[in-house]
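Ready for a few exercises on a protein fold? Take a look at the sequence and the structure below, then work through the tasks one at a time.

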Amino acid sequence: IIIISASIGLILILLVLLVIINQRRKSEALLLNILPAKIAKRLKSKEVSIADDIENATTIFIDLVGFTSFAKDKKASEVLKILNNIFSRIDKLVAKYGLEKIKTIGDGYMAAAGVPEPISDHAEKAVEFTLAVRNEIEKFNTETGMNISARMGLESGPLVAGVIGDSKFIYDLWGDSVNTASRMESTGLPNQIQITENVKQELESVKTSYQFTPREPIEVKGRGIMHTYFIERAEII
């Protein structure tokens, strides 16, 4: 009886341990879906304030043009299905090009190259990502018969990256370069990728081959008059 009782007790302990381990794995997986792995590790180690000065990175804003008016007469489930389809495709491209997804804002998408780990070719990765996003949206339109387009804006420069909030926390970015990237999107044109002079210089410093189409100087809130460019891959002659 004693042996049987001890065996049952041991089995119960093992089962409890397995449940705890499984729940811990689920919690860690959920945390990694919310935060970059490096940041999640710091949060688990009980680091109180997670904020990093990033010397140079490229921030990307993407907005689905006219999606709000398109969605106003649609059922919520239909709108969610379309957004999930598009954003899931973009998520895969984020992973492919080694970027970090920051967040979605309604029908907008924010990502960055060079955070939380600095990389020297952040501008190039960001541009290649946005070119791929545009191709993917065209593919989506072909498959669904829809006519979705996107404005995309990029800026390179210093920023602050960190975790904000105590319970529903998020990893977010702040700084002048982040605000400017947002302005590049909002002042851009559908199906175009608008970049700043900073991004152009970053690309030229690593000897990439792109075609830069200058725009007329534009007034940018908080920055005044700026010289910006639409970017494409250079044509091979």
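**Exercise 1. Count the salt bridges, then work out what the one between arginine 151 and aspartate 63 ties together.**

Step 1: start with the rule. A salt bridge is a side-chain nitrogen of Lys or Arg within 4 Å of a carboxyl oxygen of Asp or Glu. By this rule the count comes to 11 salt bridges.

Before going on, a word on what you're looking at. This is a predicted model, where local features need pLDDT of at least 70 and side-chain atom pairs count only at pLDDT 80 or more, while totals for chains, interfaces and linings use all residues. Residues are numbered from 1 along each chain as its sequence is written, and side-chain values use heavy atoms, with hydrogens and water left out.

Step 2: check the pair. The side chains of arginine 151 and aspartate 63 form a salt bridge at 3.2 Å, N to O.

Step 3: place both ends. Arginine 151 sits in strand S4 (residues 150-164) and aspartate 63 in strand S1 (residues 51-64), so the bridge ties together parts that are 88 residues apart in sequence. Helices (H or I, at least four residues) and strands (E, at least two) are DSSP runs, numbered from the N terminus.

Step 4: look at burial. Buried means under 20% relative accessible area, exposed over 50%, and partly exposed in between (1.4 Å probe, protein chains only). Arginine 151 is buried at 18%, and aspartate 63 is buried at 16%.

**Exercise 2. Find which residues join arginine 151 in one salt-bridge network.**

Step 1: look for another partner. Glutamate 185 also makes a salt bridge with arginine 151, with the closest N and O atoms 2.9 Å apart.

Step 2: locate this pair. Glutamate 185 is in helix H6 (residues 176-186) and arginine 151 in strand S4, 34 residues apart. Glutamate 185 is buried, with a relative accessible area of 10%.

Step 3: put the pairs together. Shared partners join Asp63, Arg151 and Glu185 into one network.

**Exercise 3. Are arginine 89 and glutamate 143 buried or exposed, or in between?**

Step 1: find the link. Their side chains meet in a salt bridge of 2.6 Å, N to O. Arginine 89 lies in helix H4 (residues 76-96) and glutamate 143 in helix H5, so the pair ties together parts 54 residues apart in sequence.

Step 2: compare each value with the cut-offs. Arginine 89 counts as buried at 17%, whereas glutamate 143 is partly exposed at 49%.

**Exercise 4. Name the residues that touch the most other members of the largest nonpolar core.**

Step 1: know the term. A nonpolar core is a set of buried Ala, Val, Leu, Ile, Met, Phe, Trp, Tyr and Cys residues joined through side-chain atoms within 4.5 Å.

Step 2: pick them out. Of the 40 residues in this core, they are Leu64, Phe129, Ile195 and Leu203. Helix H5 (residues 122-144) gives the most to the core, with nine residues.

Step 3: look further. A second, separate core of 19 residues includes Leu35, Ile102, Val163 and Ala181.

**Exercise 5. Where is lysine 221?**

Step 1: find its loop. Lysine 221 is in the loop between strand S8 (218-220) and strand S9 (224-226).

Step 2: check accessibility. At 64%, lysine 221 counts as exposed.
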